[in-house]
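Please open the model in a viewer and keep the sequence panel visible. The tour below proceeds by selection, one region at a time.

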Amino acid sequence: MPTTHDSGGPAAYASQIQPAKGKLGVMVVGLGAVATTLIAGVEAVRKGLAKPIGSLTQMGTIRLGKRTEANTPLIKDFVPLADLDDIVFTGWDIFDDNVYEAAAHAKVLEKDQLEQIRPYLEAIKPLPAVFDQYYVKRLNGTNIKTGKNKMDLANQLRADIQNFKKTVSRVVIIWCGSTEIFLEPTAVHDTVEAFEKGLESNDIGIAPSMIYAYAAMKEGVPFANGAPNLTVDLPFIQELSKKNFAPICGKDFKTGQTFIKTVLAPAFKARMLGVSGWYSTNILGNRDGEVLDDPESFKTKEESKLGALDFIFQPELYPDLYKDLYHKVRINYYPPRGDNKEGWDNIDIFGWLGYPMQIKVDFLCRDSILAAPLALDLVLFLDLAKRTTGLCGIGIQEWLSFYFKAPMTAPELYPEHDLFIQSMKLKNTLRHIMGEELITHLGLEYYD
Ligand SMILES: NC(=O)c1ccc[n+]([C@@H]2O[C@H](COP(=O)([O-])OP(=O)(O)OC[C@H]3O[C@@H](n4cnc5c(N)ncnc54)[C@H](O)[C@@H]3O)[C@@H](O)[C@H]2O)c1
C-alpha cells in the first residue's frame, strides 16, 4: 500500500507517494547519441567526474511558502526521486555496438572522458530491436528481432521487460530512437482491440515505436517519447496508460531551437509586439541529421517544430500582431559538424505604429549535451508519477510539457508551449503532490 510522504504541508492536498526503494531500471529504446550521452553522463556524475548541468532534478530548487520564509530546497530533497546510484540501464538498438562503442561512434563526449568509464559502458549491450526500414528509411541494422507478426514482436518486447523487471524494483522506458516517417492516427489506433487486431495482421499504420509503447503499457511501465513520432500520442495507448497505471509523456525533446523559440515568442507576445516572419534553419551532422535528411522523417520533425508558435501567439485572439506570420523550419544534413548543431533564426518583428525590426539568433549548440539531462529528468519524474496516487492513473503527464516540443495534453486542451508557464506548471505539480501551497506570484500579502 502507498504510504503518505510526510511533507509537513496541508494533508488534504497531499498525494500518497511510495518511497523510491530499490533499483530503478531504465530501458532506453535506441542507444545512439542522446542515450549514450545520458548513460555515460549519469555514470560520470556518480563517479564524481562531472556535474549534472542542465538537469532540473539534480540541480534545481523549488521555493516553498512566502518569499520571506527563505525555504528553497533542492527538488531532489523535496520529492522522493530515485537516487542516481540506484539507476540501472539497459536498452535496445538495431546495431549491436555496446554503449562504449556507440558513444565513441556518436562522438559527443571526449575520448578521455569515455575511457574513464569504459568498463561500465562496455558492459551494456543492446537487446535486439523491433525495427522495419519502411519506417526509418536511412537506417539498416542487424540486431533485429524476427517474428511471425507484429504481435509476436510485441510479446518478445514484453518478455524483455519482464526479464529486466526480475533484476530491479521498478522500470521506466524512454524512446531515444530515430525519428520515424510521418504517420497519422487511423482506426487501428482508436481502441486496444483494434490495435491488437492490427498487430496480428501487420497493419502498416503500426510503427515499431508503437509496438514498444504497447509492450510498456501492457507491462504497466511508464513511457517517455523523446522523438516526434506518434508512439504514445494515440487514443488506445492513453486508454491502456490509465488502465494499467503507466504514465506517459511526449513528444520530441525541446532542446535547441524550439527551446529558444518558446522563450522568445512569449516575450514578444507579453509586450504585444507583432511578428511577421520567423525563419529557422539548422545544420546538423549526426546520425539523427542523416535520418532527418529523408523527407518522410523530416515531415514528422517539421510538424513537431512548427506547432509551438501558433499556440503561443494565438493569432485568432491577436490578428493585428500574428495573423500573417510566415514561419519556416529547415534542417540540413551537414556531416562536418557532427552532433554540434548550428541553428539560425531570423525573426522579423514590428512595434509601435507597425515599424519593423529584426532579431537574429545563432545558437551553436551540442544536441545531445542539451538532450541528455532532459532524458534523465523524464525518467526520474515518470518513476515518481508511477509511485504517486494523484498521477499514476491519469495517463498523460501534462506537467512534463516543459521537456517537449509538441507536448501532449488531454484531447480538448491546447498545449502550453511557453517555457516559463511549463516550468511553473511542473513546480506547482510537485508542490501539489507534496501538499504544499501553490505559488501564484500574486504577492499582495506582502503589502497588507
Ligand atoms: N538531440 C536532440 O537535441 C534531440 C532533440 C529532440 C529530439 N531528438 C530525437 O531523439 C532521437 C534520438 O536522437 P539521437 O541524436 O540520439 O539519434 P541517433 O541516430 O544517434 O540515435 C538513435 C538510435 O536509435 C536506433 N533506433 C532506430 N530505430 C530503432 C528501433 N526501432 N529500435 C531500437 N533502436 C532504434 C538507431 O539505431 C540509433 O542508434 C531522435 O529521434 C531525435 O530526433 C533529439
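Two strands are taken to pair if DSSP finds at least two bridges between them. The model to which this criterion is applied here is a predicted one.

**The hairpin.** Select strand S9 (residues 342-350) together with strand S10 (residues 356-364): the two pair in the antiparallel sense over nine bridges. To check the register, display Trp 344, whose bridge partner in S10 is Asp 362. S9 and S10 form a hairpin, with five residues between them. Within that turn, Leu 353 has a positive phi of about 65 degrees.

**The parallel sheet.** Next, select the six strands that form an open sheet with parallel pairing, in the order S3-S2-S1-S4-S5-S6. Strand S3 (127-128) and strand S6 (248-250) stand at the edges; each has a single partner strand, so one side of each is left without a neighbour in the sheet. Move then to strand S1 (residues 24-29) and strand S2 (residues 87-93), which run parallel and are joined by six bridges. One position to label is Val 26, which has Phe 89 as its bridge partner in S2.

**The helix across the sheet.** Add helix H15 (residues 367-386) to the view. H15 lies across S1, S2, strand S4 (170-175), strand S5 (223-225) and S6. Relative to S4, H15 runs at about 140 degrees.

**Helix H4.** Select residues 99-106, which make up H4, and colour its buried residues: Val 99, Tyr 100, Ala 102, Ala 103 and Ala 106. Viewed down the axis of H4, these buried residues fall within an arc of 165 degrees, and they therefore line one face of the helix. Which helices do the buried residues of H4 pack against? They pack against helix H1 (33-46), helix H5 (111-116) and helix H6 (118-122). At the N-terminal end, H4 is capped by Asn 98, a side-chain oxygen of which lies 2.9 Å from the backbone nitrogen of Tyr 100. Following H4 is Lys 107, with a positive phi near 55 degrees.

**The ligand.** Finally, centre on the ligand, which 33 residues surround. The closest are Ala 33, Val 34, Asp 93, Val 130 and Gly 177. Select Ala 33 to find a backbone N or O atom 2.8 Å from an oxygen atom of the ligand. At Gly 177, a backbone N or O atom lies 2.7 Å from a ligand oxygen atom. Thr 255 makes its approach through the side chain, where an N or O atom is 2.9 Å from an oxygen atom of the ligand.

Conventions:
Residues numbered from 1 in each chain as written. Predicted model: local features only at pLDDT ≥ 70, side-chain atom pairs only at ≥ 80, totals over all residues. Heavy atoms only, no water. Buried < 20%, exposed > 50% of the residue type's maximum accessible area, 1.4 Å probe, protein only. Helix = DSSP H or I, 4+ residues; strand = E, 2+ residues; numbered from the N terminus. Arc of directions from axis to C-beta. Contact = heavy atoms within 4.5 Å. Polar contact = N/O pair within 3.5 Å; in protein donor to acceptor, adjacent residues only side chain to side chain. Axes fitted to C-alpha atoms, helices over the stretch in contact; angles between N-to-C directions. Near = heavy atom within 4 Å.
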